[in-house]
Every structure is written in structure tokens, then in C-alpha cells.
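These are my notebook entries on one structure, kept in the order in which I looked things up. I begin with the aromatic rings, then turn to charged pairs, the nonpolar core and the strands.

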Amino acid sequence: MLRDDDVVLIISNAPDMLLAKRIAHELVEDGLAACVNLGAPALSIYRWQGQVEGAEEVPLSIKTTYGAHHAVVQALARLHPYDVPEIIVVPVIGGIASYLDWVREQTAAPGAD
């Protein structure tokens, strides 16, 4: 069972760089994510409504905590134009302590110290 201060990685994407930047800025500015990495646009191949399709998408790697992940998922669903956006929450099982602590600090509610 994950604790609220456990670090998680949320994987998503955006249909273009402009929206990817908007999502990243909003998540970081609102304290929901410590950092959002925007990857280089890549081609995604998938099946949608019975057809194999392809679209260029910008990958998003969102670093946050388990306690904030519900709010991140809600924000992504609100900001994303897709009917079914990719939003996957992955537990982080290790890493350098100073970075993990930094993620926790950046996503802590104000006055939660």
C-alpha cells in the first residue's frame, strides 16, 4: 500500500508541444507536480474504434506523490482533448533520497511541514 508521501511517476502525452507546455506549467504552478519532462514528439500507433491509427504526440513524465496523484489525474483529464487520454500512475520504488525528498517538498500542501 502506498503512503501519501511516496513518489510516483505519471506517464501521459499531449497532441502538441503547446498543450504539453500548458499542462506542465499548470501542474507545477499549482504544486501538483515537482517536475514535468516533455519528450520529443513521437509517433504513437494504436487501435481506436476498430481502426489502427497513428498520431504524433509529446510524451509527459510527471513527478509527484501518491497523495497528489488524484488531483493530477483530474487536471490531466480536464486539460486533455482526447476522449481517453493516456494517464498511467507508476510507483517509484527507489532513487536518490535528495531527489525524492525534493519531489515531496515541491508537492506538499502549503503549511504541511
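**Entry 1: aromatic rings**

How many aromatic pairs does the count come to? I note before answering that I am working on a predicted model. The count comes to one aromatic pair. I looked up its geometry and found the rings of Tyr99 and Trp102 with their centres 5.5 Å apart and their planes at 40°, so I enter the pair as tilted. That label follows because only planes under 30 degrees apart count as stacked and those over 60 as edge-to-face, with the rest as tilted. Tyr99 and Trp102 are three residues apart in helix H3, which means that about one helical turn separates them. I also checked exposure: Tyr99 is partly exposed, with a relative accessible area of 33%, and Trp102 is likewise partly exposed, at 32%.

**Entry 2: salt bridges**

I then went through the charged side chains, where the count comes to four salt bridges.

In helix H3, which covers residues 97-107, Asp101 and Arg104 are three residues apart and therefore separated by about one helical turn. Their side chains meet in a salt bridge with an N to O distance of 3.0 Å. For Asp101 I read a relative accessible area of 38%, which makes this residue partly exposed, and Arg104, at 24%, also counts as partly exposed. In the same pass I noted that Arg3, Asp5 and Asp6 are joined into one network by salt bridges that share partners.

Within that network I looked at the bridge from Arg3 to Asp6, whose closest N and O atoms are 3.5 Å apart. Is Asp6 buried or exposed? I find Asp6 buried, since its relative accessible area is 17% and the limit for buried is under 20%.

The salt bridge between the side chains of Glu26 and Arg78 has an N to O distance of 2.6 Å. This pair links distant parts of the chain, with Glu26 in helix H1 and Arg78 in helix H2, 52 residues apart. The two side chains are also entered as a polar contact at 2.6 Å. Arg78 counts as exposed, at 54% relative accessibility. Setting aside neighbours within four places in sequence, I find Glu26 in contact with Arg78 and Leu79.

**Entry 3: the nonpolar core**

Which residues of the largest nonpolar core touch the most other members? Of its 18 residues, I list Ile23, Leu27, Val36, Ile62, Val72 and Leu76 in that role. The elements that contribute two or more residues to this core are strand S1 (7-14), helix H1 (17-29), strand S4 (51-65) and helix H2 (66-79). H1 gives the most, with five residues. I followed Ile23 further and, leaving out neighbours within four places in sequence, recorded contacts with Ala14, Leu60, Leu76 and Leu79. As general background, nonpolar side chains tend to be buried together in soluble globular proteins.

**Entry 4: strand S1 and its partners**

I closed with S1, which is mostly covered, as six of its eight residues are buried. S1 pairs with S4 in the antiparallel sense over eight bridges, and there Ala14 has Val58 of S4 as its bridge partner. S1 also pairs with strand S5, residues 88-91, again in the antiparallel sense, over four bridges. On that side I find Ile10 standing opposite Val89 in S5.

Notes. Residues are numbered from 1 along each chain as its sequence is written. This is a predicted model: local features need pLDDT of at least 70, side-chain atom pairs count only at pLDDT 80 or more; totals for chains, interfaces and linings use all residues. Side-chain values use heavy atoms; hydrogens and water are left out. A nonpolar core is a set of buried Ala, Val, Leu, Ile, Met, Phe, Trp, Tyr and Cys residues joined through side-chain atoms within 4.5 Å. Buried means under 20% relative accessible area, exposed over 50%, partly exposed in between (1.4 Å probe, protein chains only). Contact means heavy atoms within 4.5 Å. A polar contact is a pair of N or O atoms within 3.5 Å; within protein, one must be able to donate a hydrogen and the other to accept it, and residues adjacent in sequence count only if both atoms are side-chain atoms. Rings of Phe, Tyr and Trp (its six-membered ring) pair if their centres lie within 6.5 Å; planes under 30 degrees apart count as stacked, over 60 as edge-to-face and the rest as tilted. Two strands pair if DSSP finds at least two bridges between them.
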